[in-house]
Amino acid sequence: MRPPDRSTLDLLLLGAIHDAPGDGAAVRDAVLDRSGGALVLSAGPVYRALHRLERNRLVRRPAGSRGYRLTPGGERVLRSRTREFEAHVRAVRAVLPGGGVTSGAGAAAGRAGRARGSGPPRSDRTPR
């Protein structure tokens with residue numbers, strides 16, 4: 001699997017730290033283990049991301065500890081980005097063969113958007 005983009009890497013690291021606080025190596029191992037070996041992260045990008053998350057006050061290392069912990073802000077960002085990621089995955093699945101949205105909130109939102117005129121132009125509309 002190709003390396004994740006910055007946003008996905010941050011989400012993976014925040015999720016791993018949430019469930020198993022630890023140092024950079026432990027966080028990398030947690031991602032590897034929890035992904036069933038599918039997500040192998042290189043040390044350099046992981047440590048750079050952890051330092052960036054720390055500068056942005058999403059994670060911290062308590063005094064005398066090498067392990068990372070989520071801050072309250074990190075908890076909020078993790079919840080928010082998880083919701084966004086799950087919505088993205090649902091939308092992509094809806095486009096893939098066999099994954100079309102035929103009912104529920106996604107279909108209702110699509111119908112509502114078309115009703116507001118966001119759909120393709122119709123020939124009976126007068127040009128503006």
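Is Asp10 buried or exposed in this predicted model? The first legend takes up this question.

**View 1. Asp10 and its surroundings in helix α1.** Asp10 is buried, because its relative accessible area of 6% falls under the 20% cut-off. This residue has its place in helix α1. The side chain of Asp10 is joined to that of Arg52 by a polar contact of 2.4 Å. When neighbours within four places in sequence are left aside, Asp10 is in contact with Ala49, Arg52, Leu53 and Arg81.

**View 2. The largest nonpolar core and the helices that supply it.** This core holds 20 residues, of which Leu13, Leu14, Ile17 and Val59 touch the most other members. At least two core residues come from each of α1 (6–19), α2 (24–34) and α3 (43–55). Helix α1 provides the largest share, six residues.

**View 3. The contacts of Val59.** Not counting residues up to four places away in sequence, Val59 touches Leu14, Ile17, Leu50, Leu53, Glu54, Tyr68, Arg69, Leu70 and Thr71. Val59 is also one of the residues of the largest nonpolar core that touch the most other members.

**View 4. The chain as the setting for the close-up views.** Five helices and two strands are present in the chain, and their pattern along the sequence is α-α-α-β-β-α-α. Of the 128 residues in the chain, 24% are buried. Among contacts with a separation of 6 or more, 47% involve residues 24 or more positions apart. The chain has an accessible surface of about 9,000 Å², and carbon and sulfur atoms account for 53% of that surface.

Notes: Residues are numbered from 1 along each chain as its sequence is written. This is a predicted model: local features need pLDDT of at least 70, side-chain atom pairs count only at pLDDT 80 or more; totals for chains, interfaces and linings use all residues. Side-chain values use heavy atoms; hydrogens and water are left out. A nonpolar core is a set of buried Ala, Val, Leu, Ile, Met, Phe, Trp, Tyr and Cys residues joined through side-chain atoms within 4.5 Å. Buried means under 20% relative accessible area, exposed over 50%, partly exposed in between (1.4 Å probe, protein chains only). Helices (H or I, at least four residues) and strands (E, at least two) are DSSP runs, numbered from the N terminus. Contact means heavy atoms within 4.5 Å. Accessible areas come from the Shrake-Rupley method with a 1.4 Å probe; for residues, only the protein chains shown count as cover. A polar contact is a pair of N or O atoms within 3.5 Å; within protein, one must be able to donate a hydrogen and the other to accept it, and residues adjacent in sequence count only if both atoms are side-chain atoms.
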